Amino acid sequence: MENMSQSAFNVDLVIVGGGPTGLLSAVLARSLGLSVYIIDAKHGPLDLGRADALNARTQQYLEVSKTLSLLEPFGLKCNTSSTYEAGEFTSQQNKWWTSLKHTHRPNFLMIGQSRVEEALLHQLDIPVDYNSRVNGIQETSAGVVVTTDQGRTVVAKYAIAADGARSFVRTSLGIPFTGTKPEMVWAVLDTWIETDFPVCPEIITFQKDGQSRVAWIPRERGMNRFYILLDGEINQENAEASIREHMAPHKVEFTKTEWFSTFEIKERVASTFISKDGNGRILLAGDAAHVHAVNGGQGLNTGIADAFNLIWRIAFVTQGHGGSALLKSYDEERRTTASGVIDVAAKLVRTTVKTALEYVEIIEKNAGYITGMGVSYSPTTPLVVDSSHGDFVAGDRCPDLWVAKLPATPSHAQVEEPSQVRLYELFGYGKFKVLVLGNEKPATFQQAVEVQQKVEVWHIHDQEHRRTTLPYEFRADWVKSDEGAVVVREVFEAPFVTLTARKPLAHDLLPDHLDSVSQAVWLDQVQCIGEAEVLQH
């Protein structure tokens, strides 16, 4: 990027790493008005290879970030897994997908990482400083200073290290990156084939001699991905030979190979995701924070979730709200999740030397991580209060329920049929949402309108006509006449789900930057439960 000045760049956020985690972090940060600088050691965007699937939860995230529409037309939907041995079908499973509730896309979207990066780059309104390696990072009480081998200096309020498993930033900070190494190396092959095997858009696990060492993943563009666990020398020729053995007696010829690589299995998680023992301004995300086996397709998906969980927090503290305690909650939530992902991937990779049925059983038992829909945050973490009502459970994902848009005026109601829309089609990133459920009108809706500047107040009821002037008012059959309220935060989990008598929307329900407007606002059925102690300046 020769046109860039050699003087220091001053920004809110510097991101080291231009993979999916770093790029989505930048897209979200820019959407919230933060100034951002991205540094990446690669010569340019990824051309091919690496991650190959977006799970259901990641698709929800990317729908909110307005990225999914750029990807879905090019991907391949897949929600079925089958097993074969000696060319014969032995089993088929998809219960962990078809049983998902309130999920619009109960499937993997098979699509290459390069296409994901391309879509995110399309959304960005800033360039990436490619071919630039970070060679120094220093932290002060006021910010972070990053230098590169191209002679550039970036001064930022906060920094994200999304620079991969060999993270320069993590190593420079001296953050331990411990774990296990099961002495397993997998080969991966992206290829086009000619075969008399009954091709279908399913994930197929092949069993041979009581082990499950080959998996066939359908991909976009008619491409096929194979994962192969080999003994002895690991190269493309031996990988192809193993695939032929596992697919026999069916014939298979490899007509064109786009990418061949190997993955040495490592299972590691950083001892903290935040510098200075959780009190600093440098935050780890993606592979810089956690690495694990490729089994289950968790790498890219977990990094995307890191970005969604982190950026709203950085935006809050950059604007003077929340402070280090809010950032610490990122470490508590995501490090626990990363440990769970590593445990599941470890079980899967070790089961590949067992039967295909045993492998599939492990998938089914841990489907919450595979689909992404079972990942939740514990009430033991600061921002989640143990509570639930119906399909809303504190710490779990917000269900993707249907609501009907109400006409602007009563006259429109006579000629217009309310259009149905899902919550995730309506959600935007960056504000808490207070969903007031039920027909009774909150006592002082003028103040509710005013609070919209800080948080979105939604009124959802079962009536055919509008009851307020709020911009977010909907009808839904799943709402009873008088229910309660739900708070949905920026990562679209519900930290608080409440049912109680009428109380004011006070400062201890929402972040402290809402104090100036929240004291006078009354919302029916909203319980005041403590978050202020976590989100203090």
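Here are some questions and answers on the pockets, sheets and a few residues of this predicted model.

Q: Which strand gives the most to the lining of the largest pocket?
A: Start with the space itself: the largest pocket holds about 1600 Å³. Of the 50 residues that line it, Arg50, Gly164, Ala165, Arg166 and Asp287 are the closest to its centre. Helices H1, H4, H5 and H8 each supply at least two lining residues, as do strands S16 and S17. The top contributor, with five residues, is S17.

Q: How many residues of the lining of the largest pocket are charged?
A: The lining of the largest pocket is a mix, with 20 nonpolar residues and 16 polar ones. That leaves the charged group, and the count there is 14.

Q: How much space lies in the second largest cavity?
A: The structure has three cavities of 30 Å³ or more. The second largest is lined by 16 residues, and Asn301, Ala305, Arg334, Gly372 and Val375 are the ones nearest its centre. The space inside the second largest cavity comes to about 150 Å³.

Q: Which helices each supply at least two residues of the lining of the second largest cavity?
A: By type, that lining divides into six nonpolar, seven polar and three charged residues. As for where they come from, the helices that each give at least two are H2 (56-64), H8 (299-318) and H9 (323-351).

Q: What do the buried residues of H4 pack against?
A: H4 spans 113-123. Its buried residues are Gln113, Ser114, Val116, Glu117, Ala119 and Leu120. Their packing partners are H1, strand S3 (53-54) and H8.

Q: Is Ala162 buried or exposed?
A: Look first at where Ala162 sits: in the loop between strand S11 (153-161) and H5. Leaving aside neighbours within four places in sequence, Ala162 is in contact with Val16, Gly17, Thr21, Gly22, Ala285 and Ala288. Its relative accessible area is 14%, and the cut-off for buried is under 20%. So Ala162 counts as buried.

Q: How far apart in space are Ala162 and Pro20, C-alpha to C-alpha?
A: In sequence, Ala162 and Pro20 are 142 residues apart. In space, the C-alpha to C-alpha distance between them is 9.0 Å.

Q: What does Lys42 count as at 22% relative accessibility?
A: Lys42 lies in a loop too, between strand S2 (36-39) and S3. Not counting residues up to four places away in sequence, Lys42 touches Gly18, Gly19, Glu117, Tyr130 and Asn131. Buried needs under 20% and exposed needs over 50%. At 22%, therefore, Lys42 counts as partly exposed.

Q: How far apart in space are Lys42 and Asp129, C-alpha to C-alpha?
A: Along the chain, 87 residues separate Lys42 from Asp129. Going C-alpha to C-alpha through space, the distance is 9.3 Å.

Q: Which strands stand at the edges of the sheet with the order S12-S18-S20?
A: This is an open sheet of three strands with antiparallel pairing. Each edge strand has a single partner, so one side of each is left without a neighbour in the sheet. The edge strands are S12 (177-180) and S20 (290-291).

Q: What is the bridge partner of Gly179 in S18?
A: S12 and S18 (residues 267-270) pair in the antiparallel sense over four bridges. H9 lies across S12, S18 and S20, running at about 175 degrees to S18. Within S18, the partner of Gly179 is Arg268.

Q: What is the bridge partner of Lys77 in S7?
A: Here the open sheet runs in the order S3-S7-S4, with antiparallel pairing. S3 and S4 (76-78) are at its edges, each with a single partner strand, so each has one side without a neighbour in the sheet. S4 and S7 (residues 108-110) pair over three bridges. The partner of Lys77 in S7 is Leu109.

Q: Which residue in S27 does Lys405 stand opposite?
A: S23 (residues 402-405) pairs with S24 (residues 420-422) in the antiparallel sense over three bridges, and there Trp402 has Arg422 as its bridge partner. S23 also pairs in the antiparallel sense with S27 (residues 473-475), over two bridges. In S27, Lys405 stands opposite Phe474.

Terms used
Residues numbered from 1 in each chain as written. Predicted model: local features only at pLDDT ≥ 70, side-chain atom pairs only at ≥ 80, totals over all residues. Heavy atoms only, no water. 1 Å grid on protein atoms, 1.4 Å probe; cavity = no way out; pocket = protein on both sides within 12 Å on 5 of 7 lines; lining within 4 Å. Points joined across faces, edges and corners; volume = space filled by probe spheres on them. Nonpolar A, V, L, I, M, F, W, Y, C, P; charged D, E, K, R; others polar. Buried < 20%, exposed > 50% of the residue type's maximum accessible area, 1.4 Å probe, protein only. Contact = heavy atoms within 4.5 Å. Pairing = 2+ DSSP bridges. Axes fitted to C-alpha atoms, helices over the stretch in contact; angles between N-to-C directions.
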